[in-house]
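User: I've got a model here and want to talk through how its inside is put together. Mind going over it with me?

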Amino acid sequence: MKLTRPTAAEAFRAAAIWALLSGLLLWFSWHTATTSARSGFSSLLDQQLLPAIIADGGYRIAQYDQDESLLTRINHDLQHLSVSGVLPVISSCSLHLSNLHGQEQQPAFTPDQRISLTRNTSEGAQDFLFYLRCDPDYPLWIGSQLTLAALATLLLSLLPAPLSSLQRHWYRLLQSRGMTAAQARPLAGRIAALPAPARHTLALILQQRPQADSAEAVRLSAALSRQPDPAWLQQALARNDCSLATALDIACAADSLSFIPGQQTVVIHGLPLQLPQTPYLYYLWYALRRSRGENDGWFINPPTNRPDRDTGAEISQLMAALGGHGKAINDLNSAGLKAKTLDQNRSKLKDELTSALGDELARHYLFETERDMTSGRTRYRLATPAAQINIPAESLGAIPNESEKHH
Amino acid sequence: MNLTSELRSLLPYSLMVAAVLAAVLTVSYLSTRQSSRPLQLSDYYSYRCGAEPSLPDREFRILTVARTEARALADSLCSNPAFSAVYPTVSIRWQRRDYLTLDHIQEQSFELFFNRQHVVSGIAPNYTLFYSLFHDSPHYTLEWISDDDQPQLSDDYFRHRTLGLLSDPKSQSYHIMPLDTLNAAGIQLPESRIIYFSDTYSLYQAFSSGRVDVIPVPRVSSSAQIPFRAAYRLLISDDMSPGSWYLSQRVSAAVHCDLQNVLNRYGEKVFDHETDQTDCR
């Protein structure tokens, strides 16, 4: 039952129904009134008037004379007739006998209906044709039927409207999640009113989180300003530690890779991920290269027989500033940067990210491979574009570098 | 989408809507049904003049058989000072002869009525207890008339012509007498040769239009009632009595004379007959 303020569409609909019902009732009531009046008058004319013209034996009562004034006198008596009923929608009626004993007289009014009576007279069957006209008591007639129509419209609006197929689908779904009928009905209505993307989001949420509070899920889905990425949403919802609101935030976030200083944590697409120390640092290094645009982020693997000493020193300095493992730093300082080290760390990162995000989502944050034409060796870079990489200055510790804009 | 499940959910709602509509229509129907009040009809076969009737024995009630001159009869009594001193109100009613009943006679419902002698004796053999024969109407002549050729009382003549009569089997002039004379002459007419009419006006119209060839008619020298002159006639009877006036014993003798005069003049007009009765005063 709707107790809230009606919307403009609902008010218009109610007004249209009221108008339609009013028309129907006005026609119906008038038809009832005039038909019953007509049949009443028909009996009265048959029982009262005709015996005053034609005797029982079939003879005219005045048979030796032609009384020209008889028709006029009869019609004078029939001019103003009254009817009564519970609702006197008819104010008055007029009858008129059009033909008597060969004499004709046209009515002064415009007739609505006709009454035809027959008598068997000595001259054969004689027809008596009466014209009937009834005039309505306009205020009472229109007022009463409009009121009745308004009442009916009110009653109709109180009826519980049937659910659309979409509403029914959600109603059943909510009930299967343990909601009572009284709660599920209005909620199903609200859901069906949401735009399709919000509904899809909601469906995904409810499917992934059977224990979630349906009402809260609806509220959050309805409040979304942006459509969440379904793959990300699914991934976020699969994590037990993620609240519904947070999962939605993650799903709605843009592609980005951020490095949190001092926590070995990256935030990928809003989702925080803690990584082991060394792979984290190599990840950061690749990200720096991509972010600064050095050779567009590409780094050719050093040849197996000749590790890169300079780059090794660069990385070891970064590690030292950020508290990396001593062993890794020593390896780099003593032997330089080996292709194998890079491969191992990249592989580790792939494992970590893939297990956390799945293949599809991780891909954007892992590495691209190319064969370098000149050297004949493979080169790698971070797949994430520079604009999506966010490395705050604090995460770099004491690395001396030209001021570069970090996003 | 499953159609039957759609319909199943719509069905209860549709039924409820239908129930509301049915209830509303029923209320409208029951409340707007009208019943008509009995008609207020005047008395089309009577006329009254004079003062408003106050006391019953101050109203002079007349019963006659035709409307012709009825108003004039009442008016002439109303305008008569001597008469209206005794009876300030006069009413006259015209009905068929069989309107008169034994009750009317025994209760003296009318001060004056007109009817045939045999009818009155037949209704109330002891009518003289209440009424006396007061004024006889002039006897008149009844004739067959035709515009085509001379009517003859023969099988041959009537067999080839259409006869017009009144359908009232009690009508002397227009039914009984004509048929009796034909029967007495041995003329048997097939029913198809006779057309019956409800009133004399229709009978005369039919004769004028040529729908019937021969009709019985009282002889008149001139009369507005029979607006034509027929070319040929054949006598049916020269001693037809239209009837007599009967006066109630209660009526005071003081008005007898005025009444006689008025009835004389009435008779002259209606029967187109010069009366040989002199005025009594």
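User: Leaving aside neighbours within four places in sequence, which residues is A:Leu353 in contact with?

Analyst: Keep in mind that this is a predicted model. Contact here means heavy atoms within 4.5 Å. With neighbours within four places left out, the partners of A:Leu353 are A:Ile268, A:Leu273, A:Leu275, A:Tyr283, A:Gly358, A:Ala362, A:Tyr365 and A:Leu366.

User: Which helix of chain A gives the most to the largest nonpolar core?

Analyst: That core has 65 residues, and A:Leu353 is listed with A:Trp232, A:Phe259, A:Val266, A:Ile268 and A:Tyr283 as having the most contacts inside it. The top contributor supplies nine residues and spans 277-292, so by the DSSP numbering from the N terminus we call it helix H10.

User: And which domains of chain A does this core draw at least three residues from?

Analyst: Still on the core of 65 residues, the bounds to look at are 167-252 and 257-396. Each of those stretches gives at least three residues, and they are domain 2 and domain 3.

User: How many residues are in the other core, the one with A:Ile54 and B:Tyr44?

Analyst: This one lies apart from the core of A:Leu353. Its members include A:Leu117 and B:Val262 as well, and the count is 64 residues.

User: What about empty space: what volume does the largest cavity have?

Analyst: The whole structure holds four cavities of 30 Å³ or more. Lining the largest are residues including A:Arg60, A:His101 and B:Tyr45, and the lining splits into five nonpolar, two polar and three charged. Its volume is about 70 Å³.

Methods
Residues are numbered from 1 along each chain as its sequence is written. Chains are lettered from A and ligands numbered from 1 in the order in which they are written. This is a predicted model: local features need pLDDT of at least 70, side-chain atom pairs count only at pLDDT 80 or more; totals for chains, interfaces and linings use all residues. Side-chain values use heavy atoms; hydrogens and water are left out. On a 1 Å grid over the protein atoms alone, a cavity is a set of points where a 1.4 Å probe fits but cannot get out, and a pocket is an open set with protein on both sides within 12 Å along at least five of seven lines; lining residues have an atom within 4 Å of a point. Grid points are joined across faces, edges and corners, and a volume is the space filled by probe spheres set on the points. Ala, Val, Leu, Ile, Met, Phe, Trp, Tyr, Cys and Pro count as nonpolar, Asp, Glu, Lys and Arg as charged, and the others, Gly among them, as polar. A nonpolar core is a set of buried Ala, Val, Leu, Ile, Met, Phe, Trp, Tyr and Cys residues joined through side-chain atoms within 4.5 Å. Buried means under 20% relative accessible area, exposed over 50%, partly exposed in between (1.4 Å probe, protein chains only). Helices (H or I, at least four residues) and strands (E, at least two) are DSSP runs, numbered from the N terminus. Domain bounds come from an automatic or database domain assignment.
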